[in-house]
Amino acid sequence: MPAISGILIDGVSYGMILFMISVGLSVTMGLMRIINLAHGGFALLGGAAAHWLTTIAGFGFVISTILAVASVMIIAMVLERSLYTRIYRFTELQQVLATIGITFLMIASVNLLLGSTILPIRVPELLSRPIDLGFRTLPTHRLMVVIAGLLTAAALYYLLERTWFGVRLRAAVDNRNMAASLGINTVKIYAITFSLGAGLAAFGGILGAELLPIDAYYPLRYMVLFLVVVAVGGMGSIAGSFFAAIALGIIDTAARYIVPEYGTIFFFVAMMLVLTLRPNGMLGRT
Amino acid sequence: MKKLLRTLAAAGTIVLAFAGSAAADHTVKVGVIAPFSGPFAIWGKQFKNAVEVYVAQNGKKAGTHTVEFIYKDSGGPNPSGTKSLAQELIVRDKVDYLGGFVFTPNALSVAPLIQKAKVPTVIFNAATSIIVKKSDYFVRPSFSLWQVTVPMAEWAWKQGIKTAVIAVTDYGPGNDAEVAFRTTFEKLGGKVLDAIRMPLSTTDFGPFMQRIKDKNPNAVFVFLPAGPPSFAFVKSYNENGMKAQGIQFLGTGEMDETTLDALGDAALGLTTAYHYSGAHDSDKNRAFLKTLEEISPGAAANLASVGAYDGAHVLYQMIKAVGSDRTKAVAAVKGMAWESPRGPVSLDPDTRHIIQNVYIRRVAKDENGKLINQEFDIIRKAVPDLGLPN
Amino acid sequence: MDTAIRQNRPRHGLLTFRRLYLDLALIGAGIAAFFLFPDSLGFLTRVLIMIIMVLSLDLVLGYAGIATLGHAALFGSGAYAAGLFAVNFSADPLLGLAVGAVAGAVIAFVSGLILLRAQSLTLLMLSIAVAQILQEIASKERAITGGSDGLLGISMEPIFGIYAFDFVGQTGYWYALTVLTAVFVLLKIIVASPFGLAARGIHESAERMRAIGTPVYWRLVAIYTLAGGVAGIGGALSAQVTELVSLDALGFSLSAEALIMLILGGLGRLYGAIFGTVIFMTIHHLAASVDPFNWLFVIGALVLIVVYFLPEGFIGLPARARKLMRWSP
């Protein structure tokens, strides 16, 4: 049946974009356990930087992406040392408020510097053509995102499960004091991890921009979407976010194929069902 | 309490009576309500620029009266906030006229207010047909969805397009556009193969593209809000090879001049029907663009600009004719005709809505390589609002 | 924050009105505002309505500890119910308020059955989902609700058949102030009652409350339902005063703004809801006249200052100031 293969192909590729734009959040919120509503803000900064680099400064797409992600990681590092060190100790509600305040400042800055209209990122001509898979066509851009998503997932898995850094990070988030007393430099680990999360946000923002276009109000427009992926996947689980993103991508796409007029309702009802049956998400730890 | 209320109400009435009977030759204030903050802030900016262009070209005086514009921020769709702003403008700032309004619910929220307070209100955008029926004091020199959609369907039929798929964003304006296109197209003999209502929050159009391609129509008629949805749809339209398959894109306001650049070459050749293109070929429009460039370098002229510019014109004519004696203002401009940057227009004396040409345009590059909406055909001249039952 | 709440916890039911002077001052301020700003009654009325919404949120979040980002679901249900009632059945304002309250309570009860089994992030997400689903339904049922154009045709009868709604907003203001005062008094009585104390107990330790035999879940549902009624009254007022209901009444940004106002003011003391709302909306109103385009800078900075330096919110300000005075030589 073409419909089913269509749903699967479109669903997986959309799910991969959901994963790419929310994987940074599953690092800061899932692993580090801070309600980080500023995630979309970092994605916005990355996207805005990439917009400026590709359209105004005239750099190529790849160079721009690298520069944009790197600068967001530096900004994140500075913010982590200045604002987030205290946020870690806040209550959940205070974290919500603090990170939303930071988001507002990011939005206001981009709004002031680049205006409130869409900030397009110029991609190579090659990526904006359709590619023929034999039985149907798919935008080349989608294919690139799917590959980038798989690579990112694999790299994160390797980093967290197979390296010393990953071991220390997991020790630090499980029990920060204990880890510190064992001689792990938790301050540094936290700073690096947070910066990594922000960098991933920027990377996802740039790659996903064809689908979720960047503009100053990006963080507020898609905040719920990012949160849904992490909540459904389960706090503390990157793998959970991965499977949740794919599942949500397929569900949302199926809804658009079958009952487009009820698309949004379908999506949220599905989310409520999952969260009612599994309050800690698909792979969440209790 | 009851007595107190009565006294206060009486006091209020006296104050208002004074405001209403103010002498001629004084400053007449106009309150402009529009989004100046949030995701829709571009609207307020476009409005303000265009009003300033009009003032720069015509002076601060309308007849013997000095005109003063007061701008207020409504944010997005927010009827309760808009209504209280209008109240404040009328009661505190003593404005005699209102203008602006981007969103339908915001415009509708002031209808009872302006009806009671007798404040002529010029709508710069809000395009749902029914608005003008809700108060005798509304005048609308913008456009309505029916007004631009019906000509699109007629043109498509004339081009030999026999089958179409309709894909609209699932909310009020989208539903109106769907009905307008379907009614007209089917009446002419065209066949609507499928009609898709896409969720407002969607920016992943891949699945809809697949569904449209499977039907293989001559054309796809779309209605999408300007901004992220239009942007993502056009990208998707190209990336999924619809253009290559020969499915023609038909739309209305999707190729908005403020976001056209963002679309890049993906937009080239897309056809829309609309009442104004920033590239309209006339001296009036060239003069408008020239002053706009002086006031706000780099700003693009779009539907918001022309709506506000003509709005300012209507306001000036009302003020010139009656000053602050606002009860007679609407009657003074009914049936008025003038040359707008969009071409010749007039106000329908029955509906107080603008009568205008609707142009068929396609996206092309001008001599500087900038993307523009190139007008190349007029299917209907002097179109009234076709969405109001007569 | 917990210590702050504990210090202010009424120790006895009779102490409901131990801050009577403050309550009277607030009502006095409400009356004075009418005479001080007679030209901005529309705005002031919106502030009063928003206070009702934020008070309702305080009951849920500040007292019972239920973190929600979907409070607009309750407010909007009240607004649509009151609006539809006015259009189709009766335009009597007080009946409309009752209908709004019932609608808010019913939606709260039904959604509460699902929501209140969850906690923290899951609860937040579920509450968002409820509001989004309702908003989508309101958008789709265009024949009934008017969809994105808004629900038209609301035209209220005079209150008690005497006080007609005028376009300056005088009647609307007194009406909203009276309703707000009634809601405030009611909430003060409730939070000091055994029922309200149980809510606090659940907030501080659900386990302990369970151990002493409190049906925690059903208590939460009851509080949420009550708050739904209050939010529904706010929504109904909004519908009656604006004479139009649109989808923004069910929107995410309304929920988020209410939450910000509450935390700015201070949780769990009712007064915080009042001060937070007044301060937030006043600043917004002023910023919107001066430089709306950059207003987010102001609100962003304000939010950060409060979280970092005034963790109890604005109502913690006097105590902070006293402390500073003592520290300085």
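Before anything else, one term: pLDDT is the predictor's confidence in each residue, from 0 to 100. We need it because what I am showing you today is a predicted model.

Let me start with chain B and how far to trust it. Its average pLDDT is 87, and 93% of its residues score at least 70. So where in chain B is confidence lowest, and where is it highest? The low end is H1(B), with a mean of 47, and the high end is strand S5 of chain B, residues 121-123, at 95. Please also keep an eye on residues 10-24 of chain B, where pLDDT stays under 50. For that stretch the model has 6 contacts beyond four places in sequence.

Now the layout of chain B. The domain assignment splits it into domain 1, made of 2-143 + 281-352, and domain 2, made of 146-274 + 358-383. Their C-alpha centres are 31 Å apart. Where the two domains meet, domain 1 of chain B puts in 11 residues and domain 2 of chain B puts in 11 residues. On the domain 1 side, that contact has 6 nonpolar, 4 polar and 1 charged residues.

Chain B also has neighbours on two sides. Let's take chain C to begin with. Here 32 residues from chain B meet 31 residues from chain C. On the chain B side, the elements giving two or more residues are helices H1 (2-20), H3 (79-91), H4 (104-109), H5 (111-117) and H7 (172-188). Which of them gives the most? That is H3(B), with 8 residues. Sorted by class, this side of chain B has 14 nonpolar, 12 polar and 6 charged residues. A word of caution on H1(B), which is on that list: its mean pLDDT is 47.

Then there is chain A. Its 25 residues in this contact face 32 residues of chain B. The chain B elements that each supply at least two residues are helix H2 (41-58), strand S8 (191-198), helix H8 (206-215), helix H9 (228-239) and helix H11 (257-263). The largest share comes from H9(B), with 6 residues. By class, the side of chain B that touches chain A has 13 nonpolar, 13 polar and 6 charged residues.

While we are in chain B, here is a residue to click on: B:Asp96, in the loop between H3 and strand S4 (97-100). Is B:Asp96 buried or exposed? It counts as buried, because there are 27 C-beta neighbours inside 10 Å, and the cut-off for buried is 20 or more. Beyond its neighbours within four places in sequence, B:Asp96 is in contact with B:Val28, B:Lys29, B:Val119, B:Ser324 and B:Arg326. B:Asp96 and B:Ile319 are 223 residues apart in sequence, yet their C-alpha atoms are 9.3 Å apart in space.

Let's step back to the largest nonpolar core, which has 349 residues. The members that touch the most others are A:Ala202, B:Val220, C:Leu55 and C:Met125. Helix H3 of chain C, residues 41-63, gives the largest share, 17 residues. Both domains of chain B give residues to this core, so it lies between them. If you zoom in on A:Ala202, its contacts beyond four places in sequence include A:Phe42, A:Leu45 and A:Val72.

Staying with chain A, look at helix H5, residues 140-162. At 1.5 Å a residue, its 23 residues should span 33 Å, and the end C-alpha atoms are 32 Å apart, which agrees. Among the buried residues of H5(A) are A:His141, A:Arg142 and A:Leu156. For contrast, A:Leu182 lies in the loop between helix H7 (176-181) and helix H8 (186-207) of chain A. With 12 C-beta neighbours inside 10 Å, A:Leu182 counts as exposed.

I'll finish in chain C, with helix H11, residues 216-242. Its 27 residues should span 39 Å at 1.5 Å a residue, and its end C-alpha atoms are 39 Å apart, which agrees. Of those residues, 22 are buried, so H11(C) is largely enclosed by the rest of the structure. Right after H11(C) comes C:Glu243, with a positive phi near 60°. C:Glu243 is buried, with 24 other C-beta atoms within 10 Å. C:Leu270 has a positive phi too, about 60°, although it is not a glycine. You will find C:Leu270 in the loop between H12 and helix H13 (271-290) of chain C, and with 22 C-beta neighbours inside 10 Å it counts as buried.

Thanks, everyone!

Terms used
Residues numbered from 1 in each chain as written. Chains lettered and ligands numbered in written order. Predicted model: local features only at pLDDT ≥ 70, side-chain atom pairs only at ≥ 80, totals over all residues. Contact = placed C-beta atoms within 7 Å. Helix = DSSP H or I, 4+ residues; strand = E, 2+ residues; numbered from the N terminus. Nonpolar A, V, L, I, M, F, W, Y, C, P; charged D, E, K, R; others polar. Expected span 1.5 Å × (residues − 1). Domains from an automatic or database assignment. Core = buried A, V, L, I, M, F, W, Y, C linked by C-beta atoms within 7 Å.
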